[in-house]
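Let's walk through this structure together, from the overall build of one chain down to a few individual backbone angles. Keep the viewer open as you read.

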Amino acid sequence: MNIRVAHLYPDYLNIYADRGNIAVLTRRAALRGHALEVTGVEPGDVLRPEEFDLLYVGGGQDREQALVAPDLAARGDDLRRAVDTGTAVLAVCGGYQLLGRGYRGRDGSWLPGAGVFPLETVAGETRLIGDVLLEADLGDGVTTAVAGFENHAGRTLLDAGATALGRVLAGHGNDGASGLEGCRAGAAVGTYLHGPLLPRNPELADWLLARALEHAGGPGVLEPLPDELERLAHAVSAGRARSRGGRRRR
Amino acid sequence: MRLTAETSAARLVGRLSRAVGRGGGTTLPGKLIWKVDPGALDALAARLPAGVAVVSATNGKTTTAAMLARILGSRHRLAWNNSGANLASGVASTLLSATDADLGLLEVDEFALPEVMRRVRPRVVSLGNLFRDQLDRYGELEHIAERWRSAVGALSPRSTLVVNADDPLVADLAEGHEHVLRFGVDDPRLARPALQHAADSKYCVRCGSPYAYAAAYVGHLGDYRCPSCGHARPPLDVAARSIDLQGLDSSVFDLVTPAGTVRVTLPLPGLYNVYNALAAAASALVLDAGLDEIVAGLQSFTAAFGRFERIGVGDRRILILLIKNPAGANEAVRTLEEGGVPGTLVIALNDRIADGRDVSWIWDVDFEPLLEAADRIVVSGERAAELALRFTYAGFPPAQLEVVPDLREALDRGLELVPPGGELAVLPTYTAMLAVRAIAVERGLVRPYWEEAG
């Protein structure tokens, strides 16, 4: 089948190797006989999110994030409608923050977000940097260990009743205090983890791909792949999180 | 007199450190004095009668400083940190041990630059480029640029800034300073067809609109203009024109300066090395070198260690090209492409502090030309598996890929795959490069860097 992916702001939000996540989705789909059709969307472009099976938003530097934020916020209603009807989302780092209600800067400024995830982010005094390991809960009893790298000044606070992507086993997570990381709303996932995220976390990659495939009218299951290198990389990354995750820097 | 007592103690530490064979005693004495009395750095620098030249950049600072050393070496006795110890403590070590030097030549880490500039009060500061690099350690590009901006603001008006006019963020730092030399490349034939994936600073520093490039040379370096507000590359004082890149051997170009124009044969490949040569030439002019000295220095230059270094191993050779961030690695790839991609490559990824703990940058490197041409790739280092994923997800056949995390074994395996008379290309990150060189030293193939003549 064709899986339609909208990649939001690839020219602006690409700081943490976001194209790696797209490469993983593309190849893992192809290995199961499906084609990923990726459309780049830049500020001002027309986007009908419900026509896509998966939306991807990556991370950027502060300056680039501020340049795209107004465009993204203006698409909030469209994006929420798409998520409500089962479009999958992966938002990483800056993209994750921008899909919340907004970002409160240290000077008190307020950068409005798209309001897809029930959360707000507040700038912190230190950056939370390092390797992370999560126990991710993907619903319906599906759990998987997710390993990655975080580097963010924002402290993300989930609304009461919101679902985190997972529980932090090592590292900081959303705010360095709650023990929670990321947010999941149906098939929409937001997270601070990059590295990039998907190459060494094939179960999460396949879960997203299966949700996108369902939205496209296909089956919600994918045949397993050997994933030997993926497991090797995951093991090293998880080990890094356990041995050195969670340092802070001004 | 405190300086004397402390410096003697610190020098003793340096000798002890060398005696026990730890890293050539590079930074231990400096760390000691830096801890006891950071102000000693001011005094050590002030002793140098010809002053201090400082070189910084994300990429090319080691090579630029080495070129400058080659140009100035006959005229000056240099206090030069050629071992790569480029933090404040390394600078302190260098100034401590060079007791009879008259000129300081300091390669300085981007993050350490403001502190070092404030203390050593340089005559000339060369700012080469800012690329995304080790975000876990340095933070965002804008953050480094802000630190540089305040350092430049505190610089004596008598000091000269040498800046890369082709880098919008770096060129902008020099605005308003009195003495500035701007360098850049002026040869649209060598422009890339498009900005590379990992290009940074592609939005106008004044108004945020995307720049239009008449020519993009290396990453976001090029001849830019903002269609919206008109902010553009400033006129060049020192330029390279009519550039002829000659594979892996050399680059020939017209060096255009206020002192005249000369044709230079630089015995190093790659347009990025032309940029390094321009930075070195412009800095040398500020330090009163003649054009003939500059040409002689550049033409007799040999690569700084681990940066395009060839080492003979029996009837085979290894060619080391350091990779440490997307922009630098892209240029290493481009260099190999121009010289013909070797059949066998060893690519090694470590994730220590000096490499960057965050390994995501490998996905921003355009490795694809190597993947298309190589017969066999051995991935190595502590994060070898991440490289393996990078290459297999790009479509490189798993059967042609070997995962050998141990560097020693990876080098042996790579050499085994190379036919007699052939060359093995090794692309290591920083600490992997040091390890490769240590293996070569241990096998008697090269001398340790602290014994190499400047």
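A residue counts here as buried if 20 or more other C-beta atoms lie within 10 Å of its own, as exposed if 12 or fewer do, and as partly exposed in between. Please keep in mind that this is a predicted model.

With that cut-off in hand, start at helix H6 of chain B, which spans residues 113-120. The buried residues of H6(B) are B:Leu113, B:Pro114, B:Val116, B:Met117, B:Arg119 and B:Val120. Because six of its eight residues are buried, H6(B) is largely enclosed by the rest of the structure. What provides the cover? Among the elements over the buried residues of H6(B) are helix H3 (40-46), helix H5 (88-97) and H8 of chain B. Strands take part too, including E1 (52-56), E3 (103-107) and E4 (124-127) of chain B. Just after H6(B) comes B:Arg121, whose phi is positive, near 45°.

Now zoom out to the whole of chain B. Its secondary structure consists of 16 helices and 17 strands. The radius of gyration of chain B is 21 Å, close to the 22 Å that the globule rule gives for 454 residues, so chain B is as compact as a globular protein of that length. Along the principal axes, the C-alpha atoms of chain B fill a box of roughly 65 × 60 × 40 Å. Of the 454 residues in chain B, 54% are buried. If you take the contacts in chain B with a separation of 6 or more, 69% of them join residues 24 or more positions apart.

Chain B is divided into two domains: domain 1 covers 2-299 and domain 2 covers 307-451. Their C-alpha centres lie 26 Å apart. Where they meet, 25 residues of domain 1 of chain B are in contact with 22 residues of domain 2 of chain B. On the domain 1 side, helix H4 (61-72) and helix H7 (135-138) of chain B each supply at least two residues. The largest share of that side, three residues, comes from H7(B). By class, the domain 1 side divides into nine nonpolar, 12 polar and four charged residues.

Next, look at where the two chains touch. The contact takes 23 residues from chain B and 25 residues from chain A. On the chain B side, H7, helix H8 (141-153) and helix H14 (384-393) each supply at least two residues. Which helix gives the largest share of the side of chain B that touches chain A? It is H14(B), with six residues. The side of chain B that touches chain A has 11 nonpolar, four polar and eight charged residues.

Over in chain A, there is a helix pair to inspect. The axes of helix H1 (residues 18-30) and helix H5 (residues 202-215) of chain A come within 10 Å and cross at roughly 70°. That crossing makes H1(A) roughly perpendicular to H5(A). H1(A) brings A:Val24, A:Leu25, A:Arg28 and A:Ala29 to the contact, and H5(A) brings A:Ala205, A:Asp206 and A:Leu209. By class, this contact has five nonpolar, no polar and two charged residues.

Also in chain A, find A:Asp78 in helix H3 (residues 76-84). With 14 other C-beta atoms within 10 Å, A:Asp78 is partly exposed. A:Asp78 and A:Val116 are 38 residues apart in sequence, and their C-alpha atoms are 9.7 Å apart in space.

Finally, a few backbone details. Most residues other than glycine have a negative phi, and most peptide bonds are trans. Against that background, the peptide bond from A:Gly195 to A:Pro196 is cis, with omega near -15°. You will find A:Pro196 in the loop between strand E12 (188-191) and H5 of chain A. A:Asp140 has a positive phi, near 50°, and belongs to the loop between strand E7 (119-137) and strand E8 (143-158) of chain A. A:Asp140 is exposed, with 5 other C-beta atoms within 10 Å. In chain B, the phi of B:Ser242 is also positive, near 45°, but B:Ser242 is found in strand E9 (residues 238-246). B:Ser242 counts as partly exposed, with 13 C-beta neighbours inside 10 Å.

Definitions and conventions. Residues numbered from 1 in each chain as written. Chains lettered and ligands numbered in written order. Predicted model: local features only at pLDDT ≥ 70, side-chain atom pairs only at ≥ 80, totals over all residues. Domains from an automatic or database assignment. Contact = placed C-beta atoms within 7 Å. Helix = DSSP H or I, 4+ residues; strand = E, 2+ residues; numbered from the N terminus. Nonpolar A, V, L, I, M, F, W, Y, C, P; charged D, E, K, R; others polar. Rg over C-alpha atoms; globule rule 2.2 N^0.38 Å. Axes fitted to C-alpha atoms, helices over the stretch in contact; angles between N-to-C directions. Parallel < 35°, antiparallel > 145°, perpendicular 65-115°, else oblique.
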